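Dear colleague,

I am handing over a structure for you to look at, together with some notes on its charged side chains. Please open it first and then read on.

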Amino acid sequence: MPEKMSPVIFEIGWFKLQYYGLMYIIAFAVTYVLVLYRVRHEKRFKVSDDDVQNLMLVIIIGVIVGGRLGYVLFYNLSYYLSNPLEIFLPFQFLNGTINFTGISGMSFHGGLIGVLICVGLYIRKTKLNFWEVADLFAPVVPLGYTFGRLGNFINGELYGRITSAPMGMHFPLAPGTDLRHPSQLYEACFEGIFLFAVLWNLRKLKNPRGAMLAFYIIGYGTVRFFIEYYRQPDAQLGFIFMSFSMGQILCSLMVICGIFLYLYLYSTEKR
């Protein structure tokens with residue numbers, strides 16, 4: 001039995017199809033199908049199929065660009081200030097030689113900001129309502145995280161902290177030989193399936209327009225905050241404040257913003 005599962009499905013010459021990339025494709029496809037389902041079965045949305053396609057495109061751009069820039073700014077700024085070409089170019093320059101490394105490092109929080117900016121810019125050019133679009137997409141998006149976290153698991157990255165629990169696993173990329181929490185699977189379950197189930201049912205209740213975005217922000221921030229206790233902090237950062245990781249600090253800000261957003265939407269609706 002191989003010690004480490006290969007992240008590559010197959011390779012032909014320079015082309016490699018990796019599980020992580022495939023999981024991204026599946027995540028976007030699932031989101032697209034579920035959003036189309038809602039548009040066609042929930043008559044309250046005045047969004048066309050073409051709008052859904054265009055929104056998916058800008059969301060993909062927001063996830064990739066925002067996620068990458070978020071990782072650079074939040075998690076490894078000093079390194080990328082010294083190696084700016086590696087922010088988007090998958091090359092590393094060592095001793096006068098050029099090595100292909102592949103772009104790695106994405107931040108959820110950066111991706112979320114990128115999506116909100118890109119969707120906002122698209123909304124400005126159309127007659128769509130931002131809060132309506134947010135209500136449409138927010139309950140669906142978490143299911144996509146399930147596949148992204150499975151991609152992390154297959155890659156053996158974002159592994160958990162050392163544990164003596166029965167579910168402990170060995171991750172070849174982790175230092176040492178200690179068993180660790182499979183935190184990627186915890187995230188796939190709770191950030192993905194659990195949060196999707198909660199939001200999918202909350203969408204049926206009467207709430208202020210845009211409330212699903214607030215619930216999504218609060219829900220993800222809360223779930224991720226607690227899972228971070230099982231996830232190994234980034235080596236270059238460690239714990240930022242007391243025993244809190246960068247992820248927990250960003251998630252705390254998420255929850256606060258989500259609460260204020262809901263209170264704003266609720267007060268606006270009552271006027």
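A network of salt bridges links Arg-149, Glu-187, Glu-191, Arg-224, Glu-228 and Arg-231, where a salt bridge is a side-chain nitrogen of Lys or Arg within 4 Å of a carboxyl oxygen of Asp or Glu. By this rule the count comes to ten salt bridges.

Before the details, please keep in mind that this is a predicted model, in which local features need pLDDT of at least 70 and side-chain atom pairs count only at pLDDT 80 or more, while totals for chains, interfaces and linings use all residues. Residues are numbered from 1 along each chain as its sequence is written, and side-chain values use heavy atoms, with hydrogens and water left out.

Within the network, Glu-187 forms a salt bridge with Arg-149, at 3.3 Å from N to O. This pair links distant parts of the chain, since Glu-187 sits in helix H7 (residues 183-202) and Arg-149 in helix H6 (residues 141-155), 38 residues apart; helices (H or I, at least four residues) and strands (E, at least two) are DSSP runs, numbered from the N terminus. Glu-187 also meets Arg-231 in a salt bridge, at 3.1 Å from N to O. Here too the partners come from distant parts of the chain, with Arg-231 in the loop between helix H8 (211-227) and strand S5 (239-241), 44 residues from Glu-187 in helix H7.

Are these side chains buried or exposed? Glu-187 counts as buried because its relative accessibility is 0%, where buried means under 20% relative accessible area, exposed over 50% and partly exposed in between (1.4 Å probe, protein chains only). Arg-149 is buried at 11%, and Arg-231 is buried at 8%.

Another salt bridge joins Asp-49 and Arg-40, whose closest N and O atoms are 2.7 Å apart. Asp-49 counts as partly exposed because its relative accessibility is 30%, and Arg-40 counts as partly exposed at 47%.

Finally, please look at Arg-161, which is placed in the loop between H6 and H7. Arg-161 is buried yet has no salt bridge, and the nearest side chain of opposite charge, Glu-228, is 5.7 Å away (Lys and Arg count as positive, Asp and Glu as negative, and His and the chain ends are not counted). The side chain of Arg-161 does reach the backbone oxygen of Arg-231 at 3.0 Å, and one of its polar atoms lies 3.3 Å from the backbone oxygen of Tyr-229.

Best wishes

Terms used
Polar contact = N/O pair within 3.5 Å; in protein donor to acceptor, adjacent residues only side chain to side chain.
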